[in-house]
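Student: Got a minute? I'd like to walk through this model with you.
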Amino acid sequence: MRFKRKSNSKQPKLLPPMEYRTTDGFRVLVGRNNIQNDTLTVKLSRKNDIWLHTKNVHSSHVLIAARGETVPDKVI
């Protein structure tokens, strides 16, 4: 006799990246996991945005939305 497991039809809710605002009003997005990191770098980033990530270490991707402006050093 075989038993079927009840499948949980609910998929986990996909959360958006964490979002912050600098005192200068720049939007800063931070990925929570590899899926959000990919979304930030591939789908949400624009040509002049700044992308930050550590080298040789697993961590979140960070995107500073430039809004077509030059991002000041104090924001970075």
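Tutor: Sure, we'll start with the overall layout and then go residue by residue.

Student: Is this predicted or experimental, and what is the mean pLDDT of the protein?
Tutor: The model is predicted. The mean pLDDT is 87, and 86% of the residues reach 70 or more.

Student: Which element has the lowest mean pLDDT, and which the highest?
Tutor: Helix α1 has the lowest, at 91. Strand β1, residues 18-21, has the highest, at 96.

Student: Why care about pLDDT at all?
Tutor: Where pLDDT is low, the predicted coordinates should not be read in detail.

Student: OK. What secondary structure does the protein have?
Tutor: One helix and four strands. Along the sequence, the pattern is β-β-α-β-β.

Student: How do the strands pair with β4?
Tutor: Strand β2, residues 27-30, runs antiparallel to β4, with four bridges joining them. Strand β3, residues 50-52, also pairs with β4 in the antiparallel sense, over three bridges.

Student: Which residues in β4 are the bridge partners of V28 and W51?
Tutor: I64 is the partner of V28. For W51, the partner is L63.

Student: Which way do the residues of β4 point, and are they buried or exposed?
Tutor: Strand β4 covers residues 62-65. V62 and I64 point one way, L63 and A65 the other. All of these are buried.

Student: Switching to the helix. Which residues of α1 are buried?
Tutor: Q36, N37 and L40. Seen down the axis of α1, they fall within an arc of 110 degrees, so they line one face of the helix.

Student: And what covers them?
Tutor: The cover includes β2 and β4.

Student: What is exposed on the other side of α1?
Tutor: N34, I35, V42 and K43 are exposed there.

Student: Two of those buried ones are polar side chains, I'd guess worth a look. Why does N37 count as buried?
Tutor: N37 has a relative accessible area of 8%, and the cut-off for buried is under 20%, so N37 counts as buried. N37 sits in helix α1, residues 34-44.

Student: What does the side chain of N37 reach?
Tutor: The backbone oxygen of S59, at 3.5 Å. Beyond its neighbours within four places in sequence, N37 is in contact with G31, S59, S60 and H61.

Student: Same for Q36: why is that one called buried?
Tutor: Q36 is at 6% relative accessibility, so Q36 falls under the 20% cut-off.

Student: Which backbone oxygen does the Q36 side chain reach?
Tutor: That of P16, at 3.3 Å. Leaving out neighbours within four places in sequence, Q36 is in contact with L15, P16, P17, V30 and G31.

Student: What happens at the start of α1?
Tutor: A side-chain oxygen of N33 reaches to within 3.1 Å of the backbone nitrogen of I35.

Student: Back to the whole protein. How much of it is buried?
Tutor: Buried residues make up 24% of the 76 residues.

Student: And what about the exposed surface?
Tutor: The protein exposes about 6800 Å². Carbon and sulfur atoms supply 53% of that area.

Student: Last one. What share of the contacts comes from residues 24 or more positions apart?
Tutor: Counting contacts with a separation of 6 or more, such residues account for 36%.

Technical notes:
Residues are numbered from 1 along each chain as its sequence is written. This is a predicted model: local features need pLDDT of at least 70, side-chain atom pairs count only at pLDDT 80 or more; totals for chains, interfaces and linings use all residues. Side-chain values use heavy atoms; hydrogens and water are left out. Helices (H or I, at least four residues) and strands (E, at least two) are DSSP runs, numbered from the N terminus. Buried means under 20% relative accessible area, exposed over 50%, partly exposed in between (1.4 Å probe, protein chains only). A polar contact is a pair of N or O atoms within 3.5 Å; within protein, one must be able to donate a hydrogen and the other to accept it, and residues adjacent in sequence count only if both atoms are side-chain atoms. Contact means heavy atoms within 4.5 Å. Two strands pair if DSSP finds at least two bridges between them. Accessible areas come from the Shrake-Rupley method with a 1.4 Å probe; for residues, only the protein chains shown count as cover. The arc is that of the directions from the helix axis to the C-beta atoms. pLDDT is the predictor's confidence in each residue, from 0 to 100.
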